[in-house]
Amino acid sequence: MSTEADLSRVKNILNRSSITKDIKDLAEKIVAEERLTPEEGEFLFEKGPLPVLGTLANYVREKKSGNKTYFNRNFHIEPTNVCVFSCSFCSYSRLYKHREDGWELSADDMLDMVKKYDDQPITEVHIVGGVHPKLNLEFFCEVIRRIKAHRPELHIKGFTAVELDYMFRKAKVSVEEGLNILKEAGLQSMPGGGAEIFHPDIRKKICVDKVDAEGWLKIHKAAHRLGMPTNATILYGHIENYFHRIDHMEKLRQLQDKTHGFNAFIPLKFRNKNNDMSYVPESTIVEDLKMYAVARLYLDNFPHIKAYWAMLGRQTTQLTLAYGVDDVDGTIDDTTKIYSMAGAEEQHPRMSTEELVMLIKKAGRIPIERDTVYHELHDYSEMEVSNLS
Ligand code: V47
Ligand code: SF4
């Protein structure tokens, strides 16, 4: 889909005398659709000038998605914030600290939340939460069945590999058996959470007690084999370095080569309020844009790179659309607390369809409403851009 004009923009920027031969060589590889090695990925993080990374990532993004930017109409259900694990970046979990602030929804509560959207054209419910010691596989199957019985066309995207690993071990079923049981109940896809940083040197410092990289990848691989698409995340901008980020993306790229089951890669910026890592400063916007751009360049087999606006904030999300991003997640309707509790600007994340469309249009892109698996539902290019800022 990329035009001659895009290519000439790449060539123009590479003709600048300040650009080194190493960078020019890598740019030529990218334009020729040759895969970057891990060393080259690290080199881009370390030495790639931001304008060059942006131009190249934008070139790849437009080749894959043209000028389109995707969003959906969704809401979240967070069944509980009680969690048996103790990730040090988490501002949300309440098992050991402040149990009195914990919540625990019943199946009826969750169905009531779904019913609130009965007259709204929502297409997806995203179910994710803490790992409660008592909420088990049977309970979640009942929740899913009841949601599907009430609104069959609503896509259920649910449960991180961390939640599933615990659920399946408790139920004494294999990963394949567990996923099949959930799929039969009505689960259709999985979000990308719980990946954090795969490398054990970092994982043992930030989330020592939950599923490791091998277990996370095994669950996603099994989901893909069952025809269930999933996303993948990285939690960046804390104590990891560029080597760890590339190692993480390399593991995902290898699995995607085998299964082609990932839809989107979602870099999640570490937020430092109210958690045990509050001493770690948050990344700068330059670092954020670099993360998105290198992700777009390195993960050549991922169809989409998503900026989760609820976590990143609206303005940075608009900027990422020029750095490789082609998806901004959904309307959300103030139904998630993970990021607001960690200090994100959006304390009540909610955008109307019109606001999301304007956010995308004002960044110079075509807003496309999609369903969870990227079927295009509506092209909003004709919607008038109002004076909403
Ligand atoms: O795995 C927790 C992250 C994730 C913090 O697949 C934090 O479409 C930053 O994965 N600072 C869960 N991040 C959320 C998630 C997600 C969100 C939106 C869309 C999708 C999708 C997936 O939240 C956790 C963890 O990496 N997280 N605490 C924090 N302090
Ligand atoms: Fe639990 Fe998830 Fe928080 Fe870790 S990030 S403590 S698994 S809720």
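Me: Which residues surround ligand 2?

Reply: To read a binding site, one lists the residues that have a heavy atom within 4 Å of the ligand. In this predicted model, ligand 2 is surrounded by Cys83, Phe85, Cys87, Phe89, Cys90, Tyr92, Ser93, Gly130 and Lys210.

Me: How does the shell around ligand 2 divide by class?

Reply: Each residue of a shell is assigned to the nonpolar, polar or charged class. For ligand 2, the shell holds 6 nonpolar, 2 polar and 1 charged residues.

Me: Which residues come nearest to ligand 1?

Reply: There are 23 residues around ligand 1, and those that come nearest are Lys157, Gly192, Gly194, Glu196 and Lys306. By class, the shell of ligand 1 comprises 10 nonpolar, 7 polar and 6 charged residues.

Me: Where are polar atoms of the protein found beside the oxygen atoms of ligand 1?

Reply: A polar contact is read as a pair of N or O atoms within 3.5 Å. In glutamate 196, a polar side-chain atom is 2.5 Å from an oxygen atom of ligand 1. Glycine 192 offers a polar backbone atom, which lies 2.8 Å from an oxygen atom of the ligand. The side chain of asparagine 231 has an N or O atom 3.0 Å from an oxygen atom of ligand 1.

Me: How much of the accessible area of ligand 1 does the protein cover, and which elements give two or more residues to the shell?

Reply: On its own, ligand 1 has 620 Å² of accessible area, and the protein covers 95% of this. Two or more residues of the shell come from each of the elements β5 (230-236) and β6 (262-269).

Me: What domains does the assignment give for the protein chain?

Reply: The assignment gives domain 1 (3-64) and domain 2 (69-387). Their C-alpha centres are 29 Å apart. In the contact, domain 1 takes part with 21 residues and domain 2 with 29 residues.

Me: How should the area buried between the two domains be read?

Reply: Buried area is what two parts lose in accessible area on being put together, summed over both. Between domain 1 and domain 2 the figure is about 2100 Å², and carbon and sulfur atoms give 65% of it. On the side of domain 1, Arg35, Phe45 and Arg61 lose the most area to domain 2, together 39% of what that side buries.

Notes. Residues are numbered from 1 along each chain as its sequence is written. Chains are lettered from A and ligands numbered from 1 in the order in which they are written. This is a predicted model: local features need pLDDT of at least 70, side-chain atom pairs count only at pLDDT 80 or more; totals for chains, interfaces and linings use all residues. Side-chain values use heavy atoms; hydrogens and water are left out. A polar contact is a pair of N or O atoms within 3.5 Å; within protein, one must be able to donate a hydrogen and the other to accept it, and residues adjacent in sequence count only if both atoms are side-chain atoms. Accessible areas come from the Shrake-Rupley method with a 1.4 Å probe; for residues, only the protein chains shown count as cover. Helices (H or I, at least four residues) and strands (E, at least two) are DSSP runs, numbered from the N terminus. Domain bounds come from an automatic or database domain assignment. Contact means heavy atoms within 4.5 Å. Buried area is the accessible area (1.4 Å probe) that two parts lose on being put together, summed over both.
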